[in-house]
Amino acid sequence: MNAVKASGPGHAPPDPDYAEETSMNRISQLIVAWSGPAMIVTFIIGGCILARYLPPQWSPHDSAQRVAQIYMDHLTRIRVGLVLTVIAYSLMAVWGVSNAVQTRRLEGKFPALTYLQLVTMAAGTAQIVVNTGMWATAAFRPGQVSPEITQLANDMGFIILLGTWPPFTVWAIALGLQILLNKSSLEVYPRWSGYFSIWSGLLFAPGGTVWFFKSGPFGWTGVVCMYVPFIFFGSWILLFSVLTIRNIRAGEVHRQELAPEA
Amino acid sequence: MSTAPPRSASNERVALSTPAWRTQGHVPGEVGIWVFILGDMVVFGWLFIVFMHQRSQHAEVFDQARRSLNLTLGGLNTLLLLTGSWFVVLGVHALRRGHQPAGKWLIAGAIACGLGFVINKVFEYHEKIVVGHPRAQADFFMYYFVLTGIHLFHLMLGLIVLTLMWRVAHKATLRPRNFRTLEAGACFWHLIDLLWLILFALFYLTSN
Amino acid sequence: MATSSTKTSAATRVVHFPGFLPWLLLMALTLLSWWLGYGHGLGKLATISALILAFFKVSVVGAYYMELRFAPLALKLIFNGWVVFVCAVLIGIYLVVH
């Protein structure tokens, strides 16, 4: 007898695959997962092309006059770029939820590592949204205030962006640990991606050198301090976006399996 | 009538022949840990090259700075890490053969070696920071502190990994999944050892 | 079943410990490089030797401690490829760049 797709009293229960295929859960998971790529595109347009702080157009060595001058010369471009940047950064937590939802399936009623992911992604998003506000403050009245003030706000942007790496590192490690500590036979993400997540998390840490150095590879114009964390952060976002979207497309939306492999 | 399959001569040979970890083509630990290890090697390799390039452009100053480093502590640290790594090798082997007490003690020994390294490093850093160094040597010490600092960070993670391995060593029965953990953890510890071998040569032994 | 008394000396038993010979080699090479660290008038040769010894030690750690001896060929090639490449580049920069 063919399964009847109607529901309601007296009918056969709805086909679970059909339910999973069309459920709101699947669609909402897809939406949040796609905000990863959306975030990257928006950030490249806003942060790289328009506002130009990656690669940075200011160096820690620049005089206060020079910093203020750059803001004055490119005011509109920078301001528009910062708007797009803050939107991109706000999408970060939206995207982060997609991974947490997937790995939530691995934990039971009190999912510590999922909670950890959620709180650290929230903290991280708050930080970088605020630090974009610092740059916006620098771009508010350059030339009308003392250039030292403009320089201070500009410095704060970079110092907070890179120096507050710990929540991001903890986030990536929490995700990695959830993947690696999984003892059930349900593999939400491949094991190598767990190692990659932990490794990426560790590579956000060199951003911390921004507080100490103004030149060379360890200042904010430096490869180790600025580019390594950003490149790995971007790769990490892309990787997990791909893996998550693949999971959702394959229908892995609800399935849980908490018992350890026999 | 026995329901067990008759033990043929070839079965006996298979049972006595090479265990999984000794067969050619066996990935130590699992593939994922090698993503991590090789990736880290690439990043560090590139940092080494950046340092050497910088050094070549300021060879005199870098050499002077090098001479103010404590070669004894550096050498001792190298010996310490190598011995710790050997303890890890012995420990994993012991656990493979079912010698649990030996396995536990050897892994504990490796942890002790790691802690010894940390203590040495703290002394060295303290000595360096308190005595200070001429401004001209600032670049050398920037690289020195950042690179050995990142290594030290890895080492502390390694100590956590060793502790996890030590806990695994306490289990009553060790399954293939446990050996995967032990091998992967051991490989991570050996990575920390091998990175230090190069750091030692680059900072303490490279002269003009 | 008759048991034969196998009174192996302590030294023989230690030699058969897994990884003992590699460890001995690594320790000896470390002492040698440590000695080279004092220069002894060898100039650039001391540094080049120290670097080559260091990377050779890395290779030994990989082969015997990380058990790459038994690993798939691809992994052995990548690992040792890194060893050779980084060593060559470092020595190259050391000799050429001024």
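The questions and answers below walk through a predicted model.

User: Which secondary structure elements make up chain A, helices or strands, and how many are there?
Analyst: Read from the N terminus, the elements of chain A run α-α-α-α-α-α-α-α-α. Strands number zero in chain A. The helix count for chain A is nine.

User: What does the C-alpha trace of chain A span along its principal axes?
Analyst: Chain A has 262 residues. The span is taken over the C-alpha trace, along the principal axes. It comes to about 80 × 35 × 25 Å.

User: What percentage of the residues in chain A is buried?
Analyst: A residue is buried when its relative accessible area is under 20%. Chain A holds 262 residues to sort this way. The buried part is 53%.

User: Among contacts in chain A between residues at least 6 apart in sequence, what percentage joins residues at least 24 apart?
Analyst: The contacts considered here link residues at least 6 apart in the sequence of chain A. Those joining residues at least 24 apart make up 78%.

User: How many residues of chain B are in contact with chain A?
Analyst: A contact needs heavy atoms within 4.5 Å. On the chain A side, 20 residues qualify. On the chain B side, the number is 19.

User: What area do chain A and chain B bury between them?
Analyst: The size of an interface is often given as the accessible area lost when the parts come together. For chain A and chain B, 80% of that area lies on carbon and sulfur atoms. The total is about 1,800 Å².

User: Across the interface of chain A and chain B, which residues meet in a salt bridge?
Analyst: Side chains of opposite charge can pair when their charged atoms come close. The rule finds one salt bridge across this interface. Its N to O distance is 2.7 Å. The partners are Arg191(A) and Glu30(B).

User: Which helix gives the largest share of the side of chain A that touches chain B?
Analyst: The interface between chain A and chain B has three residue pairs in polar contact. Helix H8 (191-204) and helix H9 (223-249) of chain A are the elements giving two or more residues to this side of chain A. The largest share is eight residues, and it comes from H8(A).

User: How many residues on the side of chain A that touches chain B are nonpolar?
Analyst: H8(A) gives eight residues to this side, the largest share. By type, two residues of the side are polar and three are charged. The nonpolar residues number 15.

User: Why does the pair of Glu30(B) and Arg191(A) join two chains?
Analyst: The closest N and O atoms of Glu30(B) and Arg191(A) are 2.7 Å apart. Glu30(B) lies in the loop between helix H1 (9-16) and helix H2 (31-57) of chain B, whereas Arg191(A) lies in helix H8 of chain A, so the pair joins chain B and chain A.

User: Is Glu30(B) buried or exposed?
Analyst: The cut-off for buried is under 20% relative accessible area. Its partner Arg191(A) is at 17% and is buried. Glu30(B) has a relative accessible area of 11%, so it is buried.

User: With which residue does Arg96(B) form a salt bridge?
Analyst: Arg96(B) is buried, at 19% relative accessible area. It lies in helix H4 (residues 71-96) of chain B, and its partner is in the loop between helix H3 (44-65) and helix H4 (73-96) of chain C. The closest N and O atoms are 2.9 Å apart, and the partner is Glu67(C).

User: Arg66(A) and Asp62(A) meet in a salt bridge; which of them is partly exposed?
Analyst: The N to O distance in this pair is 3.8 Å. Asp62(A) is at 16% relative accessibility, so it counts as buried. At 45%, the partly exposed residue is Arg66(A).

User: How many disulfides does a search of the whole structure find?
Analyst: The sulfur of Cys225(A) has its closest cysteine sulfur in Cys48(A), 16 Å away, which is too far for a bond. For Cys187(B), the closest is in Cys113(B), at 18 Å, again too far. Over all chains, the disulfide count is zero.

Notes: Residues numbered from 1 in each chain as written. Chains lettered and ligands numbered in written order. Predicted model: local features only at pLDDT ≥ 70, side-chain atom pairs only at ≥ 80, totals over all residues. Heavy atoms only, no water. Disulfide = S-S within 2.5 Å. Buried area = accessible area lost by both parts, 1.4 Å probe. Salt bridge = Lys/Arg side-chain N within 4 Å of Asp/Glu carboxyl O. Polar contact = N/O pair within 3.5 Å; in protein donor to acceptor, adjacent residues only side chain to side chain. Helix = DSSP H or I, 4+ residues; strand = E, 2+ residues; numbered from the N terminus. Nonpolar A, V, L, I, M, F, W, Y, C, P; charged D, E, K, R; others polar. Buried < 20%, exposed > 50% of the residue type's maximum accessible area, 1.4 Å probe, protein only.
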